Amino acid sequence: MRMSGLVGASALAFILSSGAFAQEASLDLVEPIAEYKIYVSEKLAKLVEDTTAFTDAVKAGEVDKAKELFAPTRLSYEAIEPIAELFSDLDASIDSRADDYEKAEADPEFPGFHRIEYGLWEKNSTEGLAPVADKLLADVKELEGRIASLTFPPEKVVGGAAVLMEEVAATKISGEEDRYSHTDLWDFRGNFDGARKIVDLVRPLIADKEADFLKTVDANFETVDTTLAKYKDGEGYVTYDKLTDDDRKVLAAAVNTLAEDLSTLRGKLGLD
Amino acid sequence: MLDPKDLQRSSYHLNRRRLLAGLGATAVGGSLTGAASAETMHHSVADAPVANAASQLDSVPHLGLHQAGVVNGRPANGMVASFDVLASNADELEALFRTLTERIAFLTVGGSVPMLDPKLPPADSGLLGPIVRPDNLTITVSLGASLFDDRPWLAPLKPRHLQRMMRFPNDALDADICHGDLSLQICANTQDTTIHALRDIIKASSRQMILKWKQEGNVPVITPGPDGRAESARNFLGFRDGSANPDSSDVAEMDRVVWVGADEGEPAWAVGGSYQAVRIIRNFVERWDRTPFGEQERIMGRTKMTGAPLDRRQGSEFDVPDYAGDPEGKATPMDAHIRLANERDEASKAHIILRRPFNYSNGVTQSGQLDQGLLFICYQANLERGFITVQQKLNGEPLEEYIKPVGGGFFYTLPGIRDASDYLGSSLIAAARGA
Amino acid sequence: MSSPDPQRAGGPSSRLMTIALVGAGVLVLAGGGAFYLASQRTVRPSEPGTIAVRVGDKSCEPMDLTVPAGRSVFEIENASNRPIEWEILDGVMVVEERENIAPGFRSQLAARLKPGVYDITCGLLSNPRGKLTVTASAHSEAEKVKPPLKAFIGPLSEYKVYLAVQSGQMARAIGALSTAIDASDMDAAKSAYAAARTAYRYVEAVSGRIADLENAIDPVATYLAGREQDPAFTGFHRIEFGLWREGSVAGLKPVADKLAADAATLRDRLKAVKFEPTDLAGNAAREARRLAEGPVISGDNLYANDEVVEFAAAVDGLEKPVSLLVPLVTEASPDVAKATTDAFAAVRAELGKLSGSDAAPIIYSDVSPDARKALAAALVALADAIDRINPALGLE
């Protein structure tokens with residue numbers, strides 16, 4: 001009898017109270033998630049505003065102006081990518097790359113930012129881009145509308161910090177994202193800011209229990225900041241080809257470590 | 001009437017005996033383990049190859065109603081190679097088919113390599129030494145839509161559902177590893193044997209077809225459990241793959257699911273063939289490894305450790321999930337991979353396919369991540385009802401975040417080589433001449 | 001298995017334990033909340049419905065108990081002459097227990113039980129065990145579909161976003177109102193006033209419960225001793241009085257500035273509110289009743305007479321939190337979800353009747369007492385429908 005009592009009640013108490021991870025997500029997440037939605041909404045409003053100016057320039061045939069607006073416009077999108085990606089159709093039409101299409105750049109289906117980027121930098125022209133620009137603006141507005149009416153799934157928000165790092169690790173560190181304009185460092189900035197925002201929002205929930213974890217994560221964000229700062233140019237960054245091999249390795253290591261560490265954030269907050 | 005299953009089994013042993021007789025004393029020693037394992041070798045396509053059971057003398061008959069390499073269990077190594085065909089008329093195509101038939105007959109049965117004048121290049125790469133042993137080799141030949149489309153004299157004979165592989169929403173197809181006029185699926189116990197076969201065929205057919213792309217893969221070899229039941233092999237996501245495959249030893253089921261019969265509305269020459277869908281599906285393994293265990297299970301719809309369905313975690317991978325009893329997806333999410341692919345109801349039976357995948361591991365991407373994934377191969381009697389429908393059901397699944405199809409193609413697997421006087425594709429050539 | 005997989009042997013033991021205990025009949029709620037509650041509540045005095053169990057030297061009395069599923073409180077009296085422990089067992093698993101009850105003492109034990117048949121121990125190990133039958137109840141049916149706490153994080157945060165956005169709109173509109181008053185622009189002032197009121201109606205289900213601010217922002221002259229001349233007559237209706245009744249902005253500037261300050265405070269207070277899952281439906285139902293009892297019957301906007309427009313905004317404001325629960329409710333109880341949707345439609349139908357021939361809303365002073373009662377009745381019916389949501393979600 002004593003044995004079974006021990007197995008039943010005391011063991012359970014142990015599991016529930018002293019586990020490393022929260023057993024179930026708490027309502028303390030309500031405020032960070034709400035704050036995050038407001039953050040995302042603000043970024044989207046900025047994205048719509050910037051995309052309007054960008055696509056106007058494209059349609060007016062102002063190649064130089066459009067080139068100038070390309071990277072800053074994308075910044076807001078990159079910061080909220082984990083949420084934007086919840087709508088895979090829009091993500092594809094806004095931000096897919098030539099590799100996603102069998103005939104690559106020549107594929108008539110190739111849309112969005114990178115299609116325009118290709119025209120602006122590779123062809124130095126806005127020829128044929130007007131319909132692409134119209135579609136891009138319509139898609140960005142559609143995204144804003146859909147996100148406005150979306151109840152944010154907490155695990156997607158918290159998991160989003162890791163997702164942003166995964167994106168960088170898997171397909172950005174190579175400089176293949178903005179392969180025509182080489183404005184990848186702007187995108188990195190957006191990705192890192194977006195990830196850090198999420199960490200900062202949930203920080204109070206884990207500050208006591210996970211001080212070491214946060215210290216490591218912060219240190220890696222610092223490394224990224226310091227490294228990126230070397231390449232600052234005005235409001236933005238120099239082109240990706242200027243990034244030295246050594247700094248690329250530093251960034252790659254920081255990104256991989258962040259991806260590794262942030263992948264545990266959901267678990268720490270009880271969101272499997 | 002003779003049961004084709006018995007026929008297959010008896011020819012299996014017949015072949016083995018013939019081979020043993022031919023190879024002489026040293027081979028006989030080696031054959032004892034092979035013969036002893038013959039019964040345990042009889043397993044389903046999805047089963048992992050049995051550890052320590054494979055022998056260089058394992059042989060799969062290359063003659064029969066259907067080609068080998070479809071309903072046979074997967075050996076440890078597999079490869080798909082795709083070619084552009086040069087033939088511009090029926091005679092040239094026949095010549096290619098006859099070349100392939102001849103090489104398949106030699107490579108899958110084995111024998112001595114002919115020795116040529118040392119001043120000449122050797123007839124054989126020599127990879128396998130002076131005597132080629134079959135090593136469970138199968139070579140399965142299939143035709144792509146472009147072979148028909150580009151040749152007016154062949155176009156009317158194109159199988160009904162054969163088409164250029166379309167782009168599905170999550171695909172990022174690389175034109176360099178897509179499509180082709182002709183595919184070879186080459187499978188064997190060891191990688192040396194598949195590579196040897198490929199080099200042999202390239203050498204023999206160099207004037208007739210040109211290699212376009214290839215992808216190699218393998219299946220982990222597993223020791224069966226104490227109950228002797230083979231387990232399904234795991235893919236590079238760490239999950240068992242193929243638990244729900246149809247029973248490939250069930251001849252009637254294979255006739256329904258895999259082989260094109262006379263009643264499918266296909267051209268008469270195509271009866272006895274099958275549709276082959278090949279997909280090179282990259283797995284983002286680093287990201288997957290950083291995904292919570294529970295989410296991994298919910299995405300796949302199986303327990304990771306045993307492969308048991310989520311609604312009976314203590315069960316085995318072969319237990320059938322009860323989706324009717326879980327209409328809201330509380331146990332197995334509605335968008336779990338296995339649930340979307342096969343709802344396990346009457347209607348979904350029409351869409352069953354025979355999967356025969358291999359894991360691949362190629363190298364490192366530009367971003368410094370592992371280029372690994374699944375060389376997905378499946379066979380079905382109706383491509384639309386089979387792979388295309390299943391893939392459409394999977395479009396948008398949560399697993400898409402972790403996988404990216406980058407290559408592959410749709411092909412039509414030719415009917416078998418009926419006997420030693422027949423050659424691969426003879427019915428198609430006859431039809432082309434008659435047309 | 002001769003060689004157990006080390007991961008299987010070592011890894012998920014906690015999960016297995018959880019599964020085992022769930023199987024044993026305990027509802028593992030919100031991070032062990034049930035256990036916490038169960039242990040805490042035993043210190044309370046006897047609750048109504050407490051089940052008395054007397055443990056004697058040889059057996060329990062009664063030996064055979066039947067309780068409905070859900071929470072039950074047992075009071076165990078040790079009538080034997082040795083200390084005892086009392087346990088509820090599912091097979092060999094202890095579901096709940098009380099230890100070391102001294103002879104002559106009583107101890108309470110609260111347990112949440114799933115339907116099934118359990119054993120109860122009765123003193124000495126050698127004594128025969130009693131039987132506890134737990135029958136299915138409305139509660140256990142709701143528990144079956146009860147969403148996890150996590151499921152409410154999204155809806156609650158979405159509602160907080162809504163409140164933040166609307167209270168922000170309200171603050172901005174009041175800023176515009178203040179500017180228009182400064183410029184003596186009556187038309188601009190009236191339209192800014194209307195915009196601010198709409199935003200206010202959206203958040204009123206919550207803001208109405210913040211009494212100090214409510215009294216500063218939205219007092220109605222009817223309830224003030226000195227009516228319109230009362231010094232406490234301030235906020236929205238003071239401005240409404242000036243713009244519509246007096247037709248002047250005279251003296252409104254300080255009122256508008258104070259209202260702007262209060263609106264800013266309201267925005268911060270709304271941001272700080274900590275909601276429970278029950279609040280979403282709870283606040284909506286309460287506000288629907290309040291509207292039915294007061295404003296709909298007697299009118300709120302005695303000078304602008306535009307209640308019909310504001311009530312429509314108020315109904316939208318009620319629907320927001322309810323709509324966030326709809327996916328959960330639909331899963332748990334399609335009937336309750338449908339009843340709620342229908343009740344909203346019925347309220348809107350009543351409001352729709354209150355328009356003139358040009359489809360514009362009619363002024364409220366022209367709305368007959370019968371029409372007001374019909375609208376009130378629809379709102380009460382709506383409140384009743386919303387009240388069914390929390391129980392349907394297993395929220396108590």
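I will start with one residue: at 39% relative accessibility, Asp200(A) counts as partly exposed. Partly exposed lies between buried, under 20% relative accessible area, and exposed, over 50%, with a 1.4 Å probe and protein chains only. Its partner Arg203(A) is also partly exposed, because the relative accessible area of Arg203(A) is 23%.

Some ground rules. This is a predicted model, in which local features need pLDDT of at least 70 and side-chain atom pairs count only at pLDDT 80 or more, while totals for chains, interfaces and linings use all residues. Residues are numbered from 1 along each chain as its sequence is written, chains are lettered from A and ligands numbered from 1 in the order in which they are written, and side-chain values use heavy atoms, leaving out hydrogens and water.

Back to the pair. Arg203(A) and Asp200(A) form a salt bridge, N to O at 2.8 Å. A salt bridge here is a side-chain nitrogen of Lys or Arg within 4 Å of a carboxyl oxygen of Asp or Glu. Both residues sit in helix α9 of chain A, residues 184-206, three residues apart, or about one turn. Helices are DSSP runs of H or I with at least four residues, strands are runs of E with at least two, and both are numbered from the N terminus. An α-helix has 3.6 residues a turn, so residues three or four places apart point the same way.

Next, where chain B meets chain A. Which residues does Arg290(B) pair with across the chains? One is Glu166(A), with the closest N and O atoms 2.6 Å apart. That salt bridge runs from the loop between α7 and α8 of chain B to helix α8 of chain A, residues 154-171. The other is Glu260(A), at 3.1 Å from N to O. Here the pair crosses from the same loop, the one between α7 and α8 of chain B, to helix α11 of chain A.

Are these residues buried or exposed? Arg290(B) and Glu166(A) are both buried. For Arg290(B) the relative accessibility is 9%, which is why it counts as buried. Glu260(A) is partly exposed, because its relative accessible area is 43%. Elsewhere, salt bridges that share partners make one network of Arg74(A), Glu78(A), Glu81(A), Asp95(A), Arg97(A), Lys172(A), Glu176(A), Glu177(A), Asp178(A) and Asp187(A).

Now the interface as a whole. The contact, meaning heavy atoms within 4.5 Å, takes 22 residues from chain A and 20 from chain B. The buried area is about 1800 Å², with carbon and sulfur atoms giving 37% of it; that is the accessible area, with a 1.4 Å probe, that two parts lose on being put together, summed over both. Between chain B and chain A there are seven salt bridges. Glu401(B) with Lys156(A) is a salt bridge at 3.9 Å, N to O. On the side of chain B that touches chain A, α7 (285-289) and α8 (293-300) each supply at least two residues. The residues on that side of chain B comprise ten charged, six nonpolar and four polar. Nonpolar covers Ala, Val, Leu, Ile, Met, Phe, Trp, Tyr, Cys and Pro; charged is Asp, Glu, Lys and Arg; the others, Gly among them, are polar.

Two more residues of chain A. Thr227(A) is in helix α10, residues 211-229. It counts as buried because its relative accessibility is 5%. Leaving aside neighbours within four places in sequence, Thr227(A) is in contact with Asp247(A), Val250(A) and Leu251(A). Arg248(A) belongs to helix α11, residues 245-262. With 27% relative accessibility, Arg248(A) counts as partly exposed. Not counting residues up to four places away in sequence, Arg248(A) touches Ile173(A), Tyr240(A) and Leu243(A).

Last, chain C. It has 15 helices and nine strands. Of its 396 residues, 50% are buried. Four strands form an open sheet in the order β2-β1-β4-β7, with mixed pairing. Its edge strands, each pairing on one side only, are β2 (60-61) and β7 (106-113). Two strands pair if DSSP finds at least two bridges between them. Strand β1, residues 51-55, and strand β4, residues 70-78, of chain C pair in the parallel sense over five bridges. For Val53(C), the bridge partner in β4(C) is Ile76(C).
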